[in-house]
Amino acid sequence: MDDNAPTRGTPVGRRLVLGMLGLGAAGVAAGPVLSRALDSVLSGIAEKDPTGLTGLLPNAGGFRYYSVTGPVDAKSATDYRLTVDGMVDHPVSLTLADLRSMTQTRLVHDVQCVTGWRVPGTPFEGVRLADLLDAAGVREGATAVHFTCFDGLYSESLTLEQARRDDVLVALKMQDAPVTHDHGGPVRLYVAPMYFYKSAKWLSGITLTSDVQRGYWEQYGYDIDAWVGKSNGRDDAPTS
Ligand SMILES: Nc1nc2c(c(=O)[nH]1)N[C@H]1C(S)=C(S)[C@@H](COP(=O)(O)O)O[C@H]1N2
Ligand SMILES: [Mo]
């Protein structure tokens with residue numbers, strides 16, 4: 001299939017699909033090879049849609065909806081908080097208004113999922129992660145950043161050097177509109193040069209740590225340094 005062609009979405013979280021396949025968590029725990037095999041199965045399911053569910057679920061412009069948990073409770077502009085803590089001089093809890101008041105950067109790159117689908121030229125806009133780190137004052141000895149999500153389960157990590165790249169955003173907009181709930185709004189991480197699993201949705205916490213802590217999928221074997229085309233055994237064209 002043409003990677004750039006809009007696809008009918010695979011809305012189903014891996015957990016649900018694993019359940020449908022009768023594999024459960026044991027299937028996931030079996031590791032990266034099996035995970036990758038399951039990913040191909042997932043793509044097949046999305047295309048054939050034996051469940052009849054895919055048509056009911058979001059599929060904006062080639063994106064596929066992912067959540068490792070069930071439905072995630074939405075956060076409104078007033079409920080939302082983003083904490084920056086850990087090895088920083090000034091731990092903060094930021095509102096959406098705080099984030100909106102900071103300098104916004106707009107980037108346009110392809111999005112590439114490690115399961116193979118790619119969406120061309122997608123605008124993301126928000127605050128450079130580097131600016132948030134500077135505002136919090138990263139302490140001596142911090143070498144990595146850990147990200148947590150208000151779905152209560154997903155997590156991600158970057159080295160401090162990666163986190164300071166100017167193509168890494170705390171995104172408030174995607175496709176030139178506020179990030180929708182299904183895409184991880186009101187705020188998601190956007191790591192332009194890496195596979196899309198690094199771009200944690202429903203971002204709620206940024207913690208400076210002394211070592212890199214594996215993210216959710218990385219515990220099941222996905223690469224931590226997830227450069228598009230240079231990791232996960234894939235040779236996709238770079239995105240940034
Ligand atoms: N909180 C959270 N963030 C997440 C995920 C997830 O399941 N939960 N899935 C990741 C993966 S594998 C991909 S491909 C993208 C999907 O983003 P989308 O749902 O906006 O297409 O989100 C990433 N961030
Ligand atoms: Mo993904």
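Which residues have the most contacts inside the largest nonpolar core? They are Leu169, Val170, Ala171, Val187, Tyr195 and Leu203, within a core of 51 residues. Several elements each supply at least two residues of this core: β1 (82–86), β4 (118–128), α5 (129–136), β5 (144–149), β7 (168–174), β9 (188–191) and β10 (203–209). The largest share, six residues, comes from β7. As a general background, nonpolar side chains tend to be buried together in soluble globular proteins.

Please keep in mind that this is a predicted model.

**The overall picture**

The protein has six helices and ten strands. Of its 240 residues, 38% count as buried. Among contacts with a separation of 6 or more, 67% are between residues 24 or more positions apart.

Back in the core, Val187 is a good residue to click on. Leaving aside residues up to four places away in sequence, Val187 touches Tyr80, Leu82, Leu99, Val170, Ala171, Leu172, Val179 and Leu203. Among these partners, Val170, Ala171 and Leu203 are also on the list of residues with the most contacts inside the core.

**Strands and their partners**

Is β4 enclosed or open? Eight of the eleven residues of β4 are buried, so this strand is largely enclosed by the rest of the structure. β4 pairs with β3 (residues 105–112) and also with β7. Glu125 in β4 shows both pairings: Arg106 stands opposite Glu125, and in β7 the bridge partner of Glu125 is Lys173.

Strand β6 (residues 155–159) is mostly covered too, with four of its five residues buried. β6 pairs with β5, and Val145 has Leu158 in β6 as its bridge partner.

The pairings can be set side by side:

| Strands | Bridges | Sense | A bridged pair |
|---|---|---|---|
| β3 and β4 | seven bridges | antiparallel | Arg106 and Glu125 |
| β4 and β7 | five bridges | antiparallel | Glu125 and Lys173 |
| β5 and β6 | five bridges | antiparallel | Val145 and Leu158 |

Two hairpins are worth a look here. The hairpin of β3 and β4 has five residues between the strands, and Gly116 takes a positive phi near 120° there. The hairpin of β5 and β6 has five residues between its strands, and in this one Gly152 takes a positive phi near 85°.

**A buried asparagine**

Where does Asn232 lie? Asn232 is found in the segment after β10. Why does Asn232 count as buried? The reason is that 22 other C-beta atoms lie within 10 Å, and 20 are enough for a residue to be called buried.

Asn232 also links distant parts of the sequence: Val114 is 118 residues away along the chain, yet the two are 7.5 Å apart in space, C-alpha to C-alpha. Not counting residues up to four places away in sequence, Asn232 touches Val114, Tyr195, Tyr222, Asp223 and Ala226. Of these, Tyr195 is one of the residues with the most contacts inside the largest nonpolar core.

**Around the ligand**

Finally, which residues come nearest to ligand 1? Of the 18 residues around ligand 1, the nearest are Tyr66, Tyr154, Phe196, Tyr197 and Lys201. By class, the shell has eleven nonpolar, four polar and three charged residues. Two domains contribute to this shell: domain 1 (1–65) and domain 2 (82–220) each provide at least three residues.

Terms used: Residues numbered from 1 in each chain as written. Chains lettered and ligands numbered in written order. Predicted model: local features only at pLDDT ≥ 70, side-chain atom pairs only at ≥ 80, totals over all residues. Core = buried A, V, L, I, M, F, W, Y, C linked by C-beta atoms within 7 Å. Buried ≥ 20, exposed ≤ 12 C-beta atoms within 10 Å, placed from the backbone. Contact = placed C-beta atoms within 7 Å. Near = placed C-beta within 6 Å. Nonpolar A, V, L, I, M, F, W, Y, C, P; charged D, E, K, R; others polar. Domains from an automatic or database assignment. Pairing = 2+ DSSP bridges.
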